[in-house]
Amino acid sequence: MRWPDRAASATGTPITLRAATALGAATALGAVLLLALPGISLAASPTPDAVGDPRSSGQGPGLVGDPLLAIGIVIAIAVAALVVTIAYVRLTAGREGRRAP
């Protein structure tokens, strides 16, 4: 493999510098907007409504839903990710007879 000439590789530098500057300016503008224009937070009222008080009666909140099902789903997703990753690595592995130039 032959390395490119310095003069040829330097032609992309101004475009890269402009792109980096534009990205930095957009990031700074986004940060300023997030800090200067905070949104209104809509939260539940601390008083009970007509339907009933959703807060617990003096005790901490209990477990909602089925925690064992949630843990099982997380484990199933982890196993699926592992199987897909191993399959991808095996399918895209280089052959011994082929070598990169």
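Helices here are DSSP runs of H or I with at least four residues, numbered from the N terminus. The model is predicted.

Start with the whole chain, coloured by secondary structure. Three helices and zero strands appear, in the order α-α-α along the sequence.

Next, colour by pLDDT. The chain average is 75, and 53% of the residues score at least 70. Select residues 6–9: this is helix α1, where confidence is lowest, at a mean of 53. Then select residues 67–91, helix α3, where confidence is highest, at 94.

Stay on helix α3 and pick Ile75, which lies in this helix. Add Leu68, Ile71, Val79 and Val83 to the selection; together with Ile75 they form a nonpolar patch on the surface. The accessible area of the patch is about 500 Å².

Finally, show the surface of the whole chain. About 9,800 Å² is exposed, with carbon and sulfur atoms supplying 70% of it. How much of the chain is made up of buried residues? The share is 0% of the 101 residues, where buried means under 20% relative accessible area.

Technical notes. Residues are numbered from 1 along each chain as its sequence is written. This is a predicted model: local features need pLDDT of at least 70, side-chain atom pairs count only at pLDDT 80 or more; totals for chains, interfaces and linings use all residues. Side-chain values use heavy atoms; hydrogens and water are left out. pLDDT is the predictor's confidence in each residue, from 0 to 100. Helices (H or I, at least four residues) and strands (E, at least two) are DSSP runs, numbered from the N terminus. Patches are made of residues with over 30% relative accessible area and no salt bridge: like charges are joined within 9 Å, nonpolar side chains (Val, Leu, Ile, Met, Phe, Trp, Tyr) within 5 Å. Accessible areas come from the Shrake-Rupley method with a 1.4 Å probe; for residues, only the protein chains shown count as cover. A salt bridge is a side-chain nitrogen of Lys or Arg within 4 Å of a carboxyl oxygen of Asp or Glu. Buried means under 20% relative accessible area, exposed over 50%, partly exposed in between (1.4 Å probe, protein chains only).
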